[in-house]
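User: Please take a close look at how one pair of helices packs in this model, and finish with any enclosed space.

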There are 2 protein chains.
Amino acid sequence: MSDLPPEFALIGRHFRPLAGEGALDLTDDAAVLAPPAGRELVIAADAMVAGVHFLADDPPETIGRKLLRVNLSDLAAMGAVPLGYLMTTAFPKDIEDGWIARFAAGLAADQREFGLSVLGGDTVGTPGPMTLSLTILGHVAPGAALRRAGARPGDDLWVSGSIGDGALGLRAARGQLPDTDGFLAGRYRVPQPRVALGLALVGLATAAMDVSDGLMQDLGHLCRASGCGAEVLADAVPLSDAARAAIAVDPGLRPLPFGGGDDYELLFAAPPAKAQEIQAAAAAVGIAATRIGRFVAGHPAARLLDAKGAEVALPRGGWSHF
Amino acid sequence: MSDLPPEFALIGRHFRPLAGEGALDLTDDAAVLAPPAGRELVIAADAMVAGVHFLADDPPETIGRKLLRVNLSDLAAMGAVPLGYLMTTAFPKDIEDGWIARFAAGLAADQREFGLSVLGGDTVGTPGPMTLSLTILGHVAPGAALRRAGARPGDDLWVSGSIGDGALGLRAARGQLPDTDGFLAGRYRVPQPRVALGLALVGLATAAMDVSDGLMQDLGHLCRASGCGAEVLADAVPLSDAARAAIAVDPGLRPLPFGGGDDYELLFAAPPAKAQEIQAAAAAVGIAATRIGRFVAGHPAARLLDAKGAEVALPRGGWSHF
């Protein structure tokens with residue numbers, strides 16, 4: 001194949017081994033896929049830019065995994081089973097073959113962990129920062145997808161895992177705070193998409209989404225979609241031990257979990273009567289689920305309350321690109 | 001919605017009006033789509049970088065249309081019916097709202113022309129050149145997708161439309177050659193995906209692909225996939241009047257149609273017995289189809305021949321990113 005230009009060799013060497021059923025070995029114009037019978041497709045796309053969504057000197061393995069995992073997190077939020085993905089990569093022209101090999105190795109590991117494979121994509125060169133885009137496909141039973149619209153006044157507000165590690169982890173990855181065991185930086189670089197929990201919440205949660213742009217901002221989206229308000233008890237928001245330790249050293253970091261991004265946890269609503277079932281479902285998949293507040297009638301916005309019920313003011317907004 | 005960060009306002013203002021069934025108004029984590037019953041999905045993704053795949057000062061309308069059309073061309077090559085698309089956009093932070101409005105207007109026009117709508121995507125900022133990625137979904141009858149593997153020795157080699165306009169059009173758009181009526185630049189900026197012809201070729205063509213990286217390079221891919229060789233008669237390759245005029249002025253451009261990219265025509269194989277049916281099918285959809293050579297047994301490579309049957313040497317390779 002030495003008469004082929006380098007991009008075809010690159011695809012053949014690094015990405016073809018990731019190809020699954022329907023990908024046609026990445027040698028055709030498109031993938032051909034029989035959709036799972038009697039299921040609806042769930043499809044999402046996310047893009048990442050070096051220096052914006054990941055650090056250019058992050059390990060290549062974690063960059064591929066983060067790209068796949070932020071998309072898996074969207075499937076998790078819909079309660080969908082992963083099926084496959086297409087990926088476009090705009091690489092700087094001086095990229096090294098070994099870098100791409102490690103990037104692909106990270107994807108290969110996550111393909112095994114989450115049970116999906118690459119269906120297609122495109123590889124181009126760019127004079128700018130590395131820019132990656134991934135479209136993920138999953139499937140659900142008809143009508144079963146978890147949606148943002150569906151929370152009702154009186155529903156409990158839940159969150160999975162711990163909040164704030166991603167935003168603290170970005171600072172740790174930049175060397176701006178101590179992170180001796182690398183837990184926080186790891187949470188920034190390799191999010192944990194809550195796919196198993198999302199599947200378990202189908203039929204239990206009335207609404208769900210993933211937290212990617214900051215807890216309070218994303219909850220605001222869920223409130224607007226559902227047409228009701230929400231109150232979050234600041235003290236109830238689950239923090240990891242590492243996050244507590246970092247905040248103890250620098251109390252100025254205290255607001256970060258409420259407005260920082262990159263959590264990739266699930267935020268969901270459910271009637272109080274479902275609380276035990278939710279705890280059991282979460283325990284069964286080994287993911288913590290914590291009630292952090294409730295939905296209320298009225299203006300569709302999210303309020304953060306302290307232990308006395310007074311509203312806590314936060315720095316405005318979450319993460320925005322413009 | 002004034003409490004939302006600007007990217008959400010941008011999406012709501014410009015992209016939500018493009019959303020179709022299943023897109024959930026672009027307000028959820030993913031699209032939910034019931035796949036057409038009894039059909040296979042055909043899925044492709046292509047990326048474009050400003051300064052690489054389009055000119056940064058191209059009209060915004062044509063950039064959106066080109067992005068959609070290069071992907072529609074992949075569906076055309078598989079004989080698939082367009083269904084929908086997801087798009088990720090990495091925009092420079094100083095992008096103007098009016099620019100995005102025009103970009104979206106181009107997409108809206110092509111959605112109407114080709115009968116599909118946006119299902120989802122992501123909008124991010126970039127410190128680098130604008131980088132766009134689109135994943136397109138289509139559908140075919142089970143087993144009916146046109147593939148690259150399938151050409152047999154003795155099959156005719158066909159091409160749709162005219163070849164070389166895209167590569168000449170890039171030079172015209174840069175002001176490097178005369179193009180008084182803008183035909184060539186138009187062919188570079190707004191390719192014509194041969195969707196209707198691709199659909200008509202199902203059951204007639206033994207193999208097909210779209211020509212995006214250059215006629216001879218892409219034919220080489222088709223030869224390798226099919227395991228046979230191909231001979232192209234240089235004089236038979238269809239050129240537009242504008243291309244002929246440009247080459248008459250500068251004979252140095254003569255090799256360009258054989259190796260230049262951005263044609264987005266269909267290259268396909270069919271037994272000679274199907275020639276009349278193919279001509280009739282092409283005429284019915286108003287797209288020219290021209291026999292430019294044949295497939296032969298032996299080494300899976302493409303050879304370009306002059307009127308005397310002697311091989312024509314070309315500058316090496318087609319377009320490559322690395």
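Analyst: The helix pair comes first, then the enclosed space. The model is predicted, so local features need pLDDT of at least 70 and side-chain atom pairs pLDDT 80 or more, while totals for chains, interfaces and linings use all residues. Residues are numbered from 1 along each chain, chains are lettered from A, and side-chain values use heavy atoms without hydrogens or water.

In chain B, helix H2 (residues 60-78) packs on helix H3 (residues 97-114) at about 40°, the axes lying 6 Å apart. H2(B) and H3(B) are therefore oblique to each other (neither under 35, over 145 nor 65 to 115 degrees). The crossing of H2(B) past H3(B) is right-handed (near helix turned clockwise from the far one by less than a right angle). On the H2(B) side, the residues in contact (heavy atoms within 4.5 Å) are Pro60(B), Glu61(B), Ile63(B), Gly64(B), Arg65(B), Leu67(B), Leu68(B), Arg69(B) and Leu72(B). They meet Trp99(B), Arg102(B), Phe103(B), Gly106(B), Leu107(B), Asp110(B), Gln111(B), Glu113(B) and Phe114(B) of H3(B). By class, this contact has nine nonpolar, three polar and six charged residues, with Gly counted as polar.

As for enclosed space, there is one cavity of 30 Å³ or more (points on a 1 Å grid where a 1.4 Å probe fits but cannot get out, lined by residues with an atom within 4 Å of a point). The largest cavity holds about 70 Å³. It is lined by 14 residues, and Thr88(A), Thr131(A), Ser133(A), Thr131(B) and Ser133(B) are the closest to its centre. Strands E3 (81-92) and E5 (131-140) of chain A and E3 (81-92) and E5 (131-140) of chain B each supply at least two residues of that lining. The lining has six nonpolar, eight polar and no charged residues.

Definitions and conventions:
Axes are lines fitted to C-alpha atoms, for helices over the stretch in contact, and angles run from 0 to 180 degrees between N-to-C directions. Helices (H or I, at least four residues) and strands (E, at least two) are DSSP runs, numbered from the N terminus. On a 1 Å grid over the protein atoms alone, a cavity is a set of points where a 1.4 Å probe fits but cannot get out, and a pocket is an open set with protein on both sides within 12 Å along at least five of seven lines; lining residues have an atom within 4 Å of a point. Grid points are joined across faces, edges and corners, and a volume is the space filled by probe spheres set on the points.
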